[in-house]
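User: Could you take a close look at one part of this model for me? I'd like the sheet and whatever packs on it, in one connected account.

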Amino acid sequence: MIAEPVDPRDVRQDVNHPVYRVYFWHQPDPAWGAHSWEWRIREARDVFEVIEWAESERGERTYQLFVEEL
(Lines give C-alpha, C1' and ligand atoms only; values in the text may rest on other atoms or scores of the structure.)
Protein backbone atom coordinates (compact mmCIF):
# COMPACT_ATOMS: atom_id res chain seq x y z
CA MET A 1 0.00 0.00 0.00
CA ILE A 2 1.20 3.50 -0.82
CA ALA A 3 -0.21 6.53 0.99
CA GLU A 4 0.67 9.95 -0.43
CA PRO A 5 -0.36 13.50 0.44
CA VAL A 6 -2.85 14.99 -2.01
CA ASP A 7 -3.90 18.49 -2.99
CA PRO A 8 -7.62 18.84 -2.08
CA ARG A 9 -8.08 21.25 -5.01
CA ASP A 10 -7.70 18.44 -7.55
CA VAL A 11 -11.16 17.02 -6.73
CA ARG A 12 -13.55 17.30 -9.66
CA GLN A 13 -16.75 16.76 -7.72
CA ASP A 14 -17.83 15.73 -4.24
CA VAL A 15 -20.46 13.02 -4.02
CA ASN A 16 -22.85 13.33 -1.11
CA HIS A 17 -24.30 9.83 -1.46
CA PRO A 18 -21.79 7.56 -3.19
CA VAL A 19 -22.78 4.17 -4.52
CA TYR A 20 -20.53 1.28 -3.56
CA ARG A 21 -19.95 -2.15 -5.03
CA VAL A 22 -18.89 -5.17 -3.02
CA TYR A 23 -17.60 -8.26 -4.81
CA PHE A 24 -17.34 -11.41 -2.70
CA TRP A 25 -14.94 -14.09 -3.94
CA HIS A 26 -14.62 -17.78 -3.15
CA GLN A 27 -12.32 -20.34 -4.72
CA PRO A 28 -13.15 -23.76 -3.24
CA ASP A 29 -10.50 -25.54 -5.32
CA PRO A 30 -7.37 -23.96 -6.87
CA ALA A 31 -7.95 -26.07 -9.99
CA TRP A 32 -11.29 -24.32 -10.53
CA GLY A 33 -12.09 -20.69 -11.21
CA ALA A 34 -13.29 -18.45 -8.42
CA HIS A 35 -16.98 -17.74 -7.84
CA SER A 36 -18.12 -14.18 -7.30
CA TRP A 37 -21.21 -12.48 -5.90
CA GLU A 38 -21.61 -8.81 -6.77
CA TRP A 39 -23.64 -6.30 -4.75
CA ARG A 40 -24.46 -2.61 -5.23
CA ILE A 41 -24.84 -0.67 -1.98
CA ARG A 42 -26.81 2.59 -1.99
CA GLU A 43 -27.86 5.04 0.70
CA ALA A 44 -25.18 3.95 3.17
CA ARG A 45 -24.29 6.39 5.95
CA ASP A 46 -20.60 6.10 5.07
CA VAL A 47 -17.96 3.66 3.90
CA PHE A 48 -17.65 2.23 7.41
CA GLU A 49 -21.25 1.03 7.26
CA VAL A 50 -20.48 -0.71 3.96
CA ILE A 51 -17.36 -2.35 5.41
CA GLU A 52 -19.35 -3.50 8.45
CA TRP A 53 -21.99 -5.04 6.16
CA ALA A 54 -19.36 -6.73 3.97
CA GLU A 55 -17.55 -8.17 7.00
CA SER A 56 -20.82 -9.57 8.35
CA GLU A 57 -21.71 -11.17 4.98
CA ARG A 58 -18.35 -12.50 3.87
CA GLY A 59 -18.13 -15.77 5.80
CA GLU A 60 -15.08 -17.61 4.40
CA ARG A 61 -15.00 -15.44 1.29
CA THR A 62 -12.74 -12.51 0.53
CA TYR A 63 -14.15 -9.30 -0.89
CA GLN A 64 -13.30 -6.18 -2.84
CA LEU A 65 -14.93 -2.82 -2.18
CA PHE A 66 -15.32 -0.17 -4.88
CA VAL A 67 -16.89 3.27 -5.20
CA GLU A 68 -18.77 3.71 -8.46
CA GLU A 69 -17.47 6.50 -10.65
CA LEU A 70 -19.90 9.17 -11.77
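Analyst: Here is a walk through the sheet, then the helix, the core and the loop after the helix.

A quick word on what we're looking at: this is a predicted model, where local features need pLDDT of at least 70, side-chain atom pairs count only at pLDDT 80 or more, and totals for chains, interfaces and linings use all residues. Numbering starts from 1 along each chain as its sequence is written, and side-chain values use heavy atoms, with hydrogens and water left out.

The chain has one helix and three strands, laid out along the sequence as β-β-α-β. Helices (H or I, at least four residues) and strands (E, at least two) are DSSP runs, numbered from the N terminus.

Now the sheet. The three strands make an open, antiparallel sheet in the order β2-β1-β3. At the edges sit β2 (35-41) and β3 (62-67), each pairing on one side only. Two strands count as paired if DSSP finds at least two bridges between them. On average, neighbouring strands here are turned by 20° against each other, direction ignored; axes are lines fitted to C-alpha atoms, for helices over the stretch in contact, and angles run from 0 to 180 degrees between N-to-C directions.

Strand β1 (residues 20-26) pairs with β3 through six bridges, while seven bridges join β1 to β2. Going residue by residue on the β3 side, Y23 has Q64 as its bridge partner, and W25 has T62. Towards β2, H26 stands opposite H35.

Next, the helix. α1 (residues 47-57) lies across β1, β2 and β3, and runs at about 20° to β1. Its N-terminal end is capped by D46, with a side-chain oxygen 3.1 Å from the backbone nitrogen of F48. A polar contact is a pair of N or O atoms within 3.5 Å; within protein, one must be able to donate a hydrogen and the other to accept it, and residues adjacent in sequence count only if both atoms are side-chain atoms.

As for the packing, the largest nonpolar core has seven residues: Y20, V22, F24, I41, A44, V50 and A54. Both β1 and α1 give two or more residues to this core, and the largest share, three residues, comes from β1. Such a core is a set of buried Ala, Val, Leu, Ile, Met, Phe, Trp, Tyr and Cys residues joined through side-chain atoms within 4.5 Å. Buried means under 20% relative accessible area, exposed over 50%, and partly exposed in between (1.4 Å probe, protein chains only).

Y20 is worth a look of its own. Leaving aside neighbours within four places in sequence, Y20 is in contact (heavy atoms within 4.5 Å) with W39, R40, I41, A44, D46, V47, V50, L65, F66 and V67. That list includes D46, the residue that caps α1, and I41, A44 and V50 from the core.

Finally, the stretch after the helix. G59 follows α1 and has a positive phi, near 60°. R58 sits in the loop between α1 and β3 and counts as partly exposed because its relative accessibility is 28%. Beyond its neighbours within four places in sequence, R58 is in contact with F24 and Y63. R58 and H26 are 32 residues apart along the chain, and their C-alpha atoms are separated by 9.5 Å.
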